[in-house]
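Dear colleague,

I am passing on the structure we spoke about, so that you can look through it at your own pace. My notes on what was found follow below it.

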Amino acid sequence: METYKTILTKLDVRQYDSKKVPAEGFILVQEKETLKRLAEDSTSGGWVAGANFAVIVLSDPTLGFHGIDAGRAVQNMELAAWDQGVISGIYTGIKDEKLRKDFAIPSTLKAVVVVGFGYPVRKIVGKKNRMPLTELAFIDKYGNKLDPKKLM
Ligand SMILES: Cc1cc2nc3c(=O)[nH]c(=O)nc-3n(C[C@H](O)[C@H](O)[C@H](O)COP(=O)(O)O)c2cc1C
């Protein structure tokens, strides 16, 4: 519930620092036919044709770390959706020229990732066989295995 609350409590603030903020954009796709076209404009996301809606995430490739920004935006969307029982999946296999033309994407922006959303067809538990954290995370330097029991 906390994730959704964070999104709900975000305010507009109108005094800005002069630092440049990376440009991003999002295109919401909802119509069945448009979702089908979105699927056709992909090499690895044909499944998006069956989504209830999708979001094309755009970012400015001239800015450093634009991919990270896009990834963070996607993660926020996916977590907020999951919190509401809405499942999602992402794909990056995009036929750039076709997508650009079909969705009028300006040349200054790049479609980095597409996220498909909808309700699941069966109950989703949300458990996965992931590699244990103790094999992925190190302490102080690479190779020093992290023992969660020894952490404060
Ligand atoms: C950078 C990146 C690119 C991905 N591209 C695709 C893709 O093109 N098509 C697709 O079906 N899934 C794609 N995925 C999804 C992964 O195959 C996988 O389903 C997902 O990362 C699993 O997430 P989970 O472990 O949180 O369930 C991509 C994931 C990442 C992180």
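**The sheet and what surrounds it**

The centre of this description is an open sheet of four strands, which are arranged in the order 1-2-4-3 with antiparallel pairing. Strand 1 (24-29) and strand 3 (87-91) stand at the edges and each has a single partner strand, so one side of each is left without a neighbour in the sheet. From one strand to the next, the twist averages 20 degrees. Please keep in mind while reading that this is a predicted model.

Strand 2 (residues 53-59) and strand 4 (residues 110-118) pair with each other in the antiparallel sense, and seven bridges join them. If you would like a position from which to follow this pairing, Phe-53 has Phe-117 in strand 4 as its bridge partner.

Taken as a whole, the chain has five helices and four strands, and from the N terminus on its elements run α-β-α-β-α-β-α-β-α. Two of the helices can be placed against the sheet. Helix 2 (residues 32-40) lies across strand 1, strand 2 and strand 4, and runs at about 125 degrees to strand 1. Helix 3 (residues 66-83), for its part, lies across strand 1, strand 2, strand 3 and strand 4, running at about 10 degrees to strand 4.

Turning to the interior, the largest nonpolar core has 16 residues, and those that touch the most other members are Ala-54, Ile-56, Val-57, Val-112, Val-113, Val-114 and Val-115. Strand 2 and strand 4 each supply at least two residues of this core, and strand 4 gives the most to it, with six residues. In soluble globular proteins, nonpolar side chains tend to be buried together. Val-114 is worth following in the viewer: leaving aside its neighbours within four places in sequence, Val-114 is in contact with Leu-38, Ser-42, Gly-45, Val-48, Ala-54, Ile-56, Ile-90, Tyr-91 and Ile-94.

As for the overall dimensions, the chain has a radius of gyration of 19 Å, whereas a compact globule of 152 residues would have one near 15 Å. The C-alpha atoms fill a box of roughly 55 × 50 × 35 Å, taken along the principal axes. Of the 152 residues, 14% count as buried. Among contacts between residues at least 6 apart in sequence, 71% join residues that are at least 24 apart.

With best wishes

Methods. Residues numbered from 1 in each chain as written. Predicted model: local features only at pLDDT ≥ 70, side-chain atom pairs only at ≥ 80, totals over all residues. Rg over C-alpha atoms; globule rule 2.2 N^0.38 Å. Buried ≥ 20, exposed ≤ 12 C-beta atoms within 10 Å, placed from the backbone. Contact = placed C-beta atoms within 7 Å. Pairing = 2+ DSSP bridges. Axes fitted to C-alpha atoms, helices over the stretch in contact; angles between N-to-C directions. Core = buried A, V, L, I, M, F, W, Y, C linked by C-beta atoms within 7 Å.
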